[in-house]
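Welcome! Let us take a friendly look at the pockets of this protein and at the residues around them.

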Amino acid sequence: MNEHKLSDRLTAVASYIDHVTTVADIGSDHAYLPSYLCLNHPSMRAIAGEVSDGPLQAAKTQVEELELGNRIDVRKGSGLAVIAPGEVEGITIAGMGGALITSILEDGKSKLKGVSRLVLQPNNAARAIRMWLLENNWSLIKEDILIENEKFYEILVAEPGHDSERYDQEREKKLLFGPHLMQKSNEAFLEKWHGEMQNWQRVLSALKQGKEQESMERRKQQIEKKIQLVQEVIGDGNNWN
């Protein structure tokens, strides 16, 4: 991967933010994503935010070598602390856990003024992000899911707006699976949730062999509920090998 050829995951993220003229990439690592965007979109300017010294220096080197220093500002800081309110139109946060992305958004709420699009790519726990978006007046307008190096990646695209009606029905299913992903049910989606269901069934089987405790019983009920939700969305998985 480099500034000209991104991974499939980051290429998809880039495709959902390429219409803005100012973007902040939080946790930018080598700044491949903002470099790719600026190289392909001459009017775009970017901020590459990094909290760790190693990736920060890698990003600075990358930007210098590409002579993009007049368009990409590499800044050190935690989360949205690297931007000022109204400074960017779009924000990307990719390659982190869903809980961490949610924490970054919550801690940086005041920095979201003027932001018209969020593109979020959690490595896990996308449900936590969907809940944060719903509770903070961000409308989930698109979702994507893909497989790369045998791992599943979900991409959530949001814009300012109210989304409560979307979750009036089947709220828990939509938070867990994603309202748009449920409708598409592509191969990656089906494969991901079939695998999750198999994992939960193994855990449930192990729990049933243990001594009955109140906490264990609650855990069993939680897993059984998740398995039920998966079966309602993708079926019982009997057609999968």
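## Who lines the largest pocket

Helix H8 gives the largest share of the lining of the largest pocket, with four residues. H8 spans 187-208, and two other elements, helix H5 (126-135) and strand E7 (151-160), also supply at least two residues each. Please keep in mind that this is a predicted model.

The space in the largest pocket comes to about 350 Å³. Its lining has 16 residues, and the closest to the pocket's centre are Asn124, Ala125, Lys192, Trp193 and Glu196. What mix of nonpolar, polar and charged residues makes up this lining? There are nine nonpolar residues, two polar ones and five charged ones.

## The second largest pocket

Now for the second largest pocket, which has a volume of about 240 Å³. Around it sit 14 lining residues, and those nearest its centre are Arg9, Leu10, Gly27, Ser28 and Asp29.

Which element gives the most to this lining? That is strand E4, with three residues. E4 covers 90-96, and helix H1 (8-15) and helix H2 (32-40) join it in supplying at least two lining residues each. Sorted by class, the lining of the second largest pocket holds seven nonpolar, four polar and three charged residues.

## Back to the structure

To find the two sites yourself, you could start from helix H8, the top contributor to the largest pocket, and from strand E4, which gives the most to the second largest.

How values were computed. Residues numbered from 1 in each chain as written. Predicted model: local features only at pLDDT ≥ 70, side-chain atom pairs only at ≥ 80, totals over all residues. Heavy atoms only, no water. 1 Å grid on protein atoms, 1.4 Å probe; cavity = no way out; pocket = protein on both sides within 12 Å on 5 of 7 lines; lining within 4 Å. Points joined across faces, edges and corners; volume = space filled by probe spheres on them. Nonpolar A, V, L, I, M, F, W, Y, C, P; charged D, E, K, R; others polar.
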